[in-house]
Amino acid sequence: MRVGVLTGGGDCPGLNAVIRAVVRKGVQQYGAEFVGFRDGWRGVLERNVRELGVPQVRGILPRGGTILGSSRTNPFSVEGGVEQITGNLGSLSIDALIAIGGEDTLGVATRLSDLGVNVVGVPKTIDNDLSGTDFTFGFDTAVNIAMEAIDRLHTTAESHHRVLVVEVMGRHAGWIALHCGLAAGANIILIPERPFDIERVCGQVESRFATQYSPIIVVAEGAVPASGTTALVSADVDAFGHVRLGGIGNWLAVEIEQRTGKEARTVVLGHVQRGGTPTAFDRWLATRFGLHAITAVHEGDYGTMVALRGTDIVRVPLSEGTGELKTVRPELYDEAEVLFG
Ligand code: F6P
């Protein structure tokens, strides 16, 4: 059996751990052969492949990024894209595909599966916003990176009696902001799911200063002021129609300074959250996802996605993972709010 493997969308720590587990188990247990597609769906469209066997996956478990490369290519927005994909899979004698990706990459996998392509999905994203799975790998690493940054920012904020606004990733879901904010003792956490009242935020800033502490505000890049608009860096959209976000942190710092008279600075963590070596949890999760994904392929259980439920790895229909984004439930945010201000 020949299996194609691809990684698509924004990279995240743990992608290489999945690839390693898929290849190691596939070769050892099922005698499978592998073909690596470069740069996500673009590699399948352009027939751009690389060798993928046990020697190629040695030593990659702790490495961030992806040895296969990634892109946000959407074959459904390319004319003749689907025919190109099925043609290339045929000419390369690929029996099945393992697609490792988030909402967009697995959305393409779902549509291709509906058209008869044999595909199994593996959910990844630092945003943790895929349904059907308790966690995606990459998320824990991003949260830990952000938590460590906030731990450091506390001491410098205190020394200068400043407000520090920390902007983290998460355009539709505030999982990273909520988890790192709780873990690092942020004084205010702002997420896309709950538009915020700037007056209230300023009140919380002032009450924090009144107790002789300096406030740390964690804001997800997709957070919006009530009745405001999402902060954009550029109006350009990618192949899946996503705009580039970034800017809400700076906007907040300016507003807070003007309204409270307190000095405020912004730290945008950006792609630091996606880089470097995965945490133990993400290596564990990614490895187990890989082991289960190749077994799903071996058993011909296509159109599925591996998922974490509690501590078990299960299979769910691909459409369950990509149908609806998993956002922060109101009660989880309410629970954290008692610590604000
Ligand atoms: O989807 C993961 C993610 O890191 C989001 O949190 C963020 O909005 C986006 O990707 C940034 O994408 P890019 O790779 O284009 O910088």
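## Ligand site and domain contact

The ligand sits among R72, I126, D127, M169, G170, R171, E221, H271 and R274, going by a heavy atom of the residue within 4 Å of the molecule. Keep in mind that this is a predicted model, where local features need pLDDT of at least 70, side-chain atom pairs count only at pLDDT 80 or more, and totals for chains, interfaces and linings use all residues. Residues are numbered from 1 along each chain as its sequence is written, and side-chain values use heavy atoms, with hydrogens and water left out.

Three side chains put an N or O atom close enough to a ligand oxygen for a polar contact (a pair of N or O atoms within 3.5 Å; within protein, one must be able to donate a hydrogen and the other to accept it, and residues adjacent in sequence count only if both atoms are side-chain atoms).

| Side chain | Distance to a ligand oxygen |
|---|---|
| E221 | 2.5 Å |
| H271 | 2.6 Å |
| R274 | 2.8 Å |

R274 has a second partner. This arginine forms a salt bridge with D11, with the closest N and O atoms 2.9 Å apart; the term means a side-chain nitrogen of Lys or Arg within 4 Å of a carboxyl oxygen of Asp or Glu. Side chains of opposite charge can pair when their charged atoms come close. The whole structure has 13 salt bridges. The R274 and D11 pair ties together distant parts of the chain, 263 residues apart: R274 is in the loop between strand 11 (264-268) and helix 10, and D11 in the loop between strand 1 (2-7) and helix 1 (15-30).

Now for the domains. An automatic or database assignment splits the chain into domain 1 (2-137 + 278-322) and domain 2 (140-275). Their C-alpha centres lie 32 Å apart. Where they meet, 20 residues of domain 1 are in contact with 18 of domain 2, contact being heavy atoms within 4.5 Å. Between the two domains there is one salt bridge, along with six residue pairs in polar contact, both residues at pLDDT 80 or more. On the domain 1 side, the elements giving two or more residues are helix 5 (103-114) and helix 10 (280-298). Helix 5 gives the most, with three residues.

Methods:
Helix = DSSP H or I, 4+ residues; strand = E, 2+ residues; numbered from the N terminus.
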